[in-house]
Amino acid sequence: MDNRINFHQSLDLLQKDLLDMGNNVARLIRQAVESLARLDESLARQTIEEDDQIDEMTARIEEDSLRLIALQQPMASDLRIISMALKIATDLERIADHAVDIAKICIRLNGQELVKPLEDIPRMAELTQNMLQESLLAYTERDVHRAAALAEKDDEVDKLYSVIVNDIIMLMGTDFAKNRQLSQLMLAAHFLERVADHSTNIGEGVIFMVTGKRKDLNV
């Protein structure tokens, strides 16, 4: 009995670590987009440096997950929860990598003025951060309905992404430097669209973890 109590305490701690990691990743996305909107190279470099902490969190979650599997021999239902934790950690690490990608765009644009103030890209970042938080809550609460609702949120992100791309294309002309900046901004929007995709991946995993059925939320 004591072993099972210790196991579930360890499992609760693992999930808490995942939520902490998710909150830190969401913060990196927010910082990266803020650095781009303000062309703040210092904040961009801070974001890149803080990605090392995410890598450390990923390694710790992987170690703890594998230790639980090896030492506790969890039942099938608990094993799915632990396996999902490993998958989520991987998705979170990749989302953090996209925050770094956006921060690097800010650094590449250093010394320039934005063609126009960023409005839709920060809005897109807010939507993706919300999706990330919802996907993690769906995991910790085993909430299939919350996970499935990510499909609609992903559609909203995709629509805004299309608006951003179309607006950028309309702004392009014969000025090479301007076009280069616009291409970088389009790339930043693409990275945010990928963040949304990773969140739907987490949602799909939650649905499979709870129901044993696969559902594509990113269509």
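The paragraphs below go from the overall fold to the nonpolar core and then to one residue, Ala 96.

This is a predicted model, in which local features need pLDDT of at least 70 and side-chain atom pairs count only at pLDDT 80 or more, while totals for chains, interfaces and linings use all residues. Residues are numbered from 1 along each chain as its sequence is written, and side-chain values use heavy atoms, with hydrogens and water left out.

The protein has 7 helices and 0 strands; helices are DSSP runs of H or I with at least four residues, strands are E runs of at least two, and both are numbered from the N terminus. The C-alpha trace spans about 70 × 35 × 20 Å along its principal axes. Of the 219 residues, 46% are buried, meaning under 20% relative accessible area with a 1.4 Å probe and protein chains only.

The largest nonpolar core (buried Ala, Val, Leu, Ile, Met, Phe, Trp, Tyr and Cys residues joined through side-chain atoms within 4.5 Å) has 66 residues, and Leu 36 and Tyr 139 have the most contacts inside it. At least two core residues come from each of H1 (2-38), H2 (41-72), H3, H4 (120-141), H6 (150-171) and H7 (176-211). H3 gives the largest share, 15 residues. Beyond four places in sequence, Leu 36 is in contact (heavy atoms within 4.5 Å) with residues including Ile 102, Leu 118 and Leu 185.

Ala 96 lies in helix H3, residues 76-108. Ala 96 is buried, with a relative accessible area of 0%. Not counting residues up to four places away in sequence, Ala 96 touches Val 25, Leu 28, Asp 51 and Ile 54.

Definitions and conventions. Buried means under 20% relative accessible area, exposed over 50%, partly exposed in between (1.4 Å probe, protein chains only).
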